[in-house]
Each structure stands twice: as C-alpha cells, then as structure tokens.
Amino acid sequence: MAALPYFGEIDPSTIDVLSVTHFHLDHAAFLPYFQEKTAFKGRVFMTHATKAIYKLLLSDYVKVSKVSVDMLYDEHSILRSVIDFHQTLEVNGIRFWCYTAGHVLGAAMFMVDIAGVRVLYAGDYSREEDRHLRAAEIPQFSPDICIIESTYGVQLHQPRNVREKRFTDVIHSTISQGGCVLIPAFALGRAQELLLILDEYWSNHHELHNIPIYYASPLAKWCMAVYQTYINSMNERIRNQFANSNPFDFKHISPLKSMENFNDVGPSVVMAKSEWSSEWIVKTII
C-alpha cells in the first residue's frame with residue numbers, strides 16, 4: 001500500500017473526468033484503487049485498444065505481484081468508457097478529444113478544452129514511426145498548456161536503423177558463438193516491435209532458420225489476438241501487409257507457455273517477462 005501514488009492535495013470527489021493515455025502500469029495501475037477506494041465518482045476514458053489490453057495486464061500483474069485483489073479493488077467495479085481518436089466528447093462542460101501518440105498500441109494524447117483554455121496531456125509519445133505504430137500526431141492548433149513526459153527530455157537517441165542494427169548484430173554474434181540470447185520484455189508493447197524486427201531479420205538470414213526464437217508469455221495468445229483485432233490502429237506498412245498476410249503470424253517465432261517447456265539444447269533466442277527471465281537464468285546456470 002505504501003507504493004500507491006500520493007494524492008493528498010486532491011479531492012477525488014471533485015474530479016469529473018479521468019483520462020488514461022495508455023495501458024502501461026506506471027500510468028494506469030492505480031486506476032482500480034482510485035475508483036473503488038476513494039470518493040471519485042467521475043468518468044474514466046481510454047481508447048478501445050487500451051481498454052482491451054489494460055484488463056489483460058492488470059490481471060497478470062495481480063497474479064505476479066501476489067497482491068490481494070480485495071485489498072486494492074473489485075474488478076467488477078472498474079467502469080470504463082471508450083473514446084475513438086479525434087472523437088469529441090463533453091462531460092459537465094469539459095470538452096476533450098484525443099490524438100494518436102505512437103508509443104504503444106492504443107496510446108493517446110488528450111486535448112482538454114475548459115472554457116476555451118486548451119490543455120494537451122501527452123503522456124508517453126513517440127516522435128517517429130516504428131515497425132507497426134504511427135508516430136504521434138501533431139495537433140492542428142497549439143494548446144495553451146502542454147503537459148508531457150520528460151524521461152528522455154535531455155537525451156539524444158541514435159537513429160532507429162542504427163539501434164536496430166546494434167540489436168540484431170549482438171544477437172547474431174551471440175548465436176554464431178553457440179550462445180543463447182535472453183530478452184526481458186513486457187508481454188505487450190515493445191515485445192511486439194522486437195518480435196517484428198527479429199522475424200524479419202531471421203527471414204533475411206537463411207543461416208539462422210534452424211535457430212529457434214521463443215516468445216515466452218502466458219499472455220502470448222491473447223496478446224496476438226488483441227494486436228490482430230486493432231490492425232487499423234497501426235501504421236500503413238502493417239495495414240498494407242495485413243491485406244495479404246497476418247504480420248503477427250510469425251514464421252520464425254514460437255510461443256512458450258512456461259519455462260518448464262523450454263529445452264536448452266543449443267543456440268536460441270528467448271523473449272520473456274522479467275520473472276520468467278530469472279527462472280530461465282537459474283535453470284540454465286544450474
């Protein structure tokens with residue numbers, strides 16, 4: 001309980017609208033508690049994709065963290081409304097709509113208009129298109145106030161193609177020396193981007209076709225189903241490819257339901273969430 005956010009200066013009963021920018025738990029895990037355990041009676045809005053993925057992640061989080069569900073929330077009481085990108089809604093005189101934020105599937109930047117004053121809350125956003133998501137949209141007009149994340153505010157990132165090459169070069173080098181590669185990753189979000197990169201790289205390098213890639217997650221099946229459902233929320237590259245084949249029907253990647261099913265008999269690549277990664281390390285070393 002000590003890890004819950006501090007909101008002592010806020011009276012939840014005075015809040016009309018709560019917007020969820022995306023499904024990552026550092027942005028949304030507090031929502032059930034806020035709805036169930038405080039005086040908040042307002043409405044919550046998120047995009048369709050965020051709603052679908054958030055439920056999966058929250059359930060998985062509770063299992064992994066072994067937190068008492070009753071202590072934090074009653075999942076049946078989580079009331080959520082959905083909003084489409086560019087759809088304008090109004091609640092108690094507050095007008096708001098959202099733009100594509102990139103970052104992860106369903107991520108949104110909310111523009112809120114209160115008495116003619118426009119506030120843009122960006123949350124996490126991506127300035128460039130990646131393998132499957134569009135870049136963040138630029139609003140057609142400037143807001144009066146802009147609230148954004150500043151995690152990488154003073155960082156200068158390498159170009160995407162350089163970072164991808166470093167990623168695949170390290171993996172190829174390790175495999176060539178007979179090693180195994182472990183990639184800790186969340187079940188949803190960056191994992192899908194990395195899987196697309198790996199599957200394409202394997203397709204272009206025939207010498208790797210006998211090297212297995214495993215996507216280890218109990219949510220793997222559900223993750224792929226959600227991503228396939230919201231193809232239209234992705235970039236043009238993915239939408240065009242989907243017209244002929246499913247880009248998330250990977251040719252060189254196999255799902256792994258548990259680390260018990262993993263047979264370490266040679267070079268391989270395993271993408272797994274952190275607690276499974278630890279289990280894999282222990283099993284491999286011992």
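These legends go with a few close-up views of the predicted model. Local features need pLDDT of at least 70 and side-chain atom pairs count only at pLDDT 80 or more, while totals for chains, interfaces and linings use all residues. Residues are numbered from 1 along each chain as its sequence is written, and side-chain values use heavy atoms, with hydrogens and water left out.

**View 1. Four strands line up in an open, parallel sheet.** The order is β9-β12-β10-β11, where strands are DSSP runs (E, at least two residues) and helices are runs of H or I (at least four), numbered from the N terminus. Two strands pair if DSSP finds at least two bridges between them. At the edges sit β9 (180-184) and β11 (253-256), each pairing on one side only. From one strand to the next, the twist averages 20°. Zoom in on β10 (residues 213-216) and β12 (residues 268-272), and you find four bridges in the parallel sense. Y214 stands opposite V270 in β12.

**View 2. Helices α5 and α6 meet the sheet.** Helix α5 (residues 160-176) touches β9 and β12 (contact is heavy atoms within 4.5 Å), and its direction makes about 145° with that of β9. Helix α6 (residues 190-203) lies across β9, β10, β11 and β12, at about 165° to β12. Axes here are lines fitted to C-alpha atoms, for helices over the stretch in contact, and angles run from 0 to 180 degrees between N-to-C directions.

**View 3. R131 has salt bridges to E164 and E200.** A salt bridge here puts a side-chain nitrogen of Lys or Arg within 4 Å of a carboxyl oxygen of Asp or Glu. For R131 and E164, the closest N and O atoms are 2.5 Å apart. R131 is in the loop between β7 and β8 and E164 is in helix α5, so this pair ties together parts 33 residues apart in sequence. R131 is buried at 14% relative accessible area, and E164 is buried at 13% (buried is under 20%, exposed over 50%, partly exposed in between; 1.4 Å probe, protein chains only). The E200 to R131 bridge is 3.0 Å, N to O. E200, in helix α6, is partly exposed at 31%.

**View 4. E128 reaches across to R160 in another salt bridge.** Their closest N and O atoms are 3.7 Å apart. E128 sits in the loop between β7 (117-123) and β8, with R160 in helix α5, 32 residues apart. Both belong to a salt-bridge network with R163 and E193.
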